[in-house]
Amino acid sequence: MIKISPSILACDFANLQSEIKKVEDAGVEYLHIDVMDGIFVPNITLGPCVVKAIRKYSSLFFDVHLMITDPIRYIDDFAKAGADLITVHVESTFDVSAAIDRIKVNGKKVGLSIKPNTKPEILRPYLDRADLILVMTVEPGFGGQSFIDATVDNIKACAAMIKESGREIELEVDGGVSPKNAHVVKNAGANVIVAGSAVFGSSDIPKTVKELKA
Ligand code: DX5
Ligand code: ZN
């Protein structure tokens, strides 16, 4: 079954609580929270205090996507704030293994992400400790970009590696996914779809969520 993880980056931040309720009522499984530091990516979003604030109002699984340099510095903070899964980019740290350990010490699920031009092979040494692989299908930094078709090969390569590992690792895709191209990422092997503008920009969120799942 496909799980949907709406990215709050595309929601109305002035009404965060009611926006989250909308997607929760639409039957999504995860809530995708994009954290950007203005260094790893050229945009700044939100920090642990926002995660903590929304944790009180939502029982959704918090899928926290860290797009920050040296993420290990903030893993404890996001874990305490209420993250369920913490994803770090392999390009953002010289010590991926230490970041994984830090997430595990906090009792949270481990996600590892690659940007569109990063070779999936880089993930192989960590598959025995990962719970989720996040394949970026746009350059991280902004919502509302177009899906990069060439990233489909990365999804397929990750799906094959996961299969080989014999482990239950989720395969998530992020960027430019809508009901129009969701079948492409599903056929490539993804089981978790992040969608920001497609969901929050929809005039009928439950319908869009249904279409994404189908
Ligand atoms: C991009 C973020 C994505 C983004 C997705 O850096 O990681 O999660 O918000 O937004 P859409 O679905 O609008 O491309
Ligand atoms: Zn994201």
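Okay, quick term before we start: when I say buried, I mean a residue with under 20% relative accessible area. And keep in mind that what you see on the screen is a predicted model.

Let's begin with strand S8, residues 192-195. Val192 and Val194 point one way from this strand, while Ile193 and Ala195 point the other way. Whichever way they point, all of them are buried.

So who are the neighbours of S8? On one side there's S1, and those two strands run parallel, joined by four bridges. If you want a pair to click on, take Ile4, whose bridge partner in S8 is Ile193. Then there's strand S7, residues 170-174, which pairs with S8 over three bridges, again in the parallel sense. Here the pair to look at is Asp174, standing opposite Val194 in S8. To get from S7 to S8, the chain passes through helix H6, residues 182-188, and this β-α-β crossover is right-handed.

While we're on helix H6, have a look at Val184, which lies in it. Is Val184 buried or partly exposed? It's partly exposed, at a relative accessible area of 29%, because buried would need a value under 20%. Also, Val184 and Ala198 sit 14 residues apart along the chain, and their C-alpha atoms are separated by 15 Å.

Okay, zooming out to the whole sheet. It's an open one with eight strands, in the order S1-S8-S7-S6-S5-S4-S3-S2, and the pairing is parallel. At the edges you find strand S1, residues 3-6, and strand S2, residues 30-36, each pairing on one side only. From one strand to the next, the twist averages 25 degrees. For anyone rusty on this, strands of a sheet pair through backbone hydrogen bonds.

Over at the S2 edge, seven bridges join S2 to strand S3, residues 61-67, and these two run parallel. One pair to find there is His32, with Asp63 as its bridge partner in S3.

Last stop, the largest pocket. Its volume is about 270 Å³. Which residues come closest to its centre? Those are Phe142, Gly143, Gly144, Asp174 and Gly175, out of 26 that line the pocket. You've met Asp174 already, as the residue opposite Val194. S2, S3, S8 and helix H7, residues 197-200, each supply at least two residues of the lining. As for chemistry, the lining divides into 12 nonpolar residues, 11 polar and three charged.

That's my tour, happy to click around if you'd like.

Conventions
Residues are numbered from 1 along each chain as its sequence is written. Chains are lettered from A and ligands numbered from 1 in the order in which they are written. This is a predicted model: local features need pLDDT of at least 70, side-chain atom pairs count only at pLDDT 80 or more; totals for chains, interfaces and linings use all residues. Side-chain values use heavy atoms; hydrogens and water are left out. Two strands pair if DSSP finds at least two bridges between them. Axes are lines fitted to C-alpha atoms, for helices over the stretch in contact, and angles run from 0 to 180 degrees between N-to-C directions. On a 1 Å grid over the protein atoms alone, a cavity is a set of points where a 1.4 Å probe fits but cannot get out, and a pocket is an open set with protein on both sides within 12 Å along at least five of seven lines; lining residues have an atom within 4 Å of a point. Grid points are joined across faces, edges and corners, and a volume is the space filled by probe spheres set on the points. Ala, Val, Leu, Ile, Met, Phe, Trp, Tyr, Cys and Pro count as nonpolar, Asp, Glu, Lys and Arg as charged, and the others, Gly among them, as polar. Buried means under 20% relative accessible area, exposed over 50%, partly exposed in between (1.4 Å probe, protein chains only). A crossover is right-handed if, with the strands pointing away from the viewer, the path from the first strand over the helix to the second runs clockwise.
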